[in-house]
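User: I would like a close look at the nonpolar interior of this protein. Please set it in the context of the whole fold and of the individual residues around it.

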Amino acid sequence: KPARTYLCYLLQRYIPNQLEGITLEIIHEKLEKIIDEVPEIDAGYILDKSGTQLLDNISKHQLYRIGKGENRSHRGFFYRAVKERKCVLTDPYPSNLTGELVVSAALPVYNEKKELLFIVVVDLSLELILKAIKKANKFQYL
């Protein structure tokens, strides 16, 4: 639960679940800010409402800047985010990019008419998120 809270808070701080006049460019800019702020994020990407990746991954790692045109509608995070209409967090799974265990947070974004436009996803190493949670919990008791 702390992992979901942390990642979803991070996404929703920059990208509200429902926005008037939202565009791909605005979402891309906000996702870049998230990636800049949290160096532990392996990659972030934006899907359209059918699950197709609209741009290459946003990542600090040059090798990870791939993925445009990939269909990710079969991924659990896509289905859950669309069905639950809120930010969701996956169980750990092996990353296609690194081979390490990662978790993905996925946030559906709607327009003012409550029509699904995008799903914003960030992938974060499980090891790093556990360290971040442990660090946050340590400060909670000081």
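Analyst: The model is a predicted one, and its secondary structure comprises four helices and five strands. Read from the N terminus, the elements follow the order α-α-β-α-β-β-β-β-α.

The interior is best approached through its main core. The largest nonpolar core contains 28 residues. Those with the most contacts inside this core are L7, L11, I15, I27, I34, I41 and V109. Two or more residues each are contributed by α1 (2-14), α2 (24-37), β1 (41-48), β4 (101-110), β5 (116-125) and α4 (126-140). The greatest contribution is that of α1, which supplies five residues.

L7 shows how the core is joined across the sequence. Beyond residues up to four places away in sequence, L7 touches L89, V103, A105, V122, L124 and I129. Apart from the largest core lies another one, made up of 13 residues, which include Y45, V102, L116 and I119.

Helix α1 also holds Y9. Is Y9 buried, partly exposed or exposed? With a relative accessibility of 48%, Y9 counts as partly exposed, because the buried class ends under 20% and the exposed class begins over 50%. Y9 and P108 are 99 residues apart along the chain, yet 13 Å separates their C-alpha atoms.

Helix α2 contains L24. The relative accessible area of L24 is 21%, so this residue is classed as partly exposed; the limit for a buried residue is under 20%. Leaving out residues up to four places away in sequence, L24 touches I46, L54, L55 and F118. From Y6, L24 is 18 residues away in sequence and 24 Å away in space, taken from C-alpha to C-alpha.

S59 belongs to the loop that runs between β1 and α3 (76-84). Its relative accessibility is 5%, and S59 therefore counts as buried. Apart from neighbours within four places in sequence, S59 is in contact with I35, D42, A43, Y64 and R65. I46 lies 13 residues from S59 along the chain, and the C-alpha atoms of the two are separated by 12 Å.

Two further loop residues deserve attention for their backbone angles. Most residues other than glycine have a negative phi. R85, in the loop between α3 and β2 (88-89), has a positive phi near 60° although it is a residue other than glycine. The relative accessible area of R85 is 42%, which means that R85 is partly exposed. K114, found in the loop between β4 and β5, likewise is not a glycine and has a positive phi of about 65°. At 52% relative accessibility, K114 counts as exposed, since the exposed class begins over 50%.

The description of the whole protein completes the picture. Of its 142 residues, 43% count as buried. Among the contacts with a separation of 6 or more, 51% are between residues 24 or more positions apart. Taken along the principal axes, the C-alpha atoms fill a box of roughly 45 × 30 × 25 Å. Why does the radius of gyration agree with that of a compact globule? For 142 residues, such a globule would have a radius of gyration near 14 Å, and the protein has 14 Å, so the two values agree.

Turning to the surface, the protein exposes about 8100 Å², of which carbon and sulfur atoms supply 53%. There are 21 positive and 18 negative side chains, and the centres of these two sets lie 6 Å apart.

To return to the request, the interior consists in part of the 28-residue core, to which α1 gives the most, and of another core of 13 residues that lies apart from it.

Note on methods: Residues are numbered from 1 along each chain as its sequence is written. This is a predicted model: local features need pLDDT of at least 70, side-chain atom pairs count only at pLDDT 80 or more; totals for chains, interfaces and linings use all residues. Side-chain values use heavy atoms; hydrogens and water are left out. A nonpolar core is a set of buried Ala, Val, Leu, Ile, Met, Phe, Trp, Tyr and Cys residues joined through side-chain atoms within 4.5 Å. Buried means under 20% relative accessible area, exposed over 50%, partly exposed in between (1.4 Å probe, protein chains only). Contact means heavy atoms within 4.5 Å. The radius of gyration is taken over C-alpha atoms; the globule rule is 2.2 Å times the number of residues to the power 0.38. Accessible areas come from the Shrake-Rupley method with a 1.4 Å probe; for residues, only the protein chains shown count as cover. Lys and Arg count as positive and Asp and Glu as negative; His and the chain ends are not counted. The place of a charge is taken as NZ of Lys, CZ of Arg, CG of Asp or CD of Glu.
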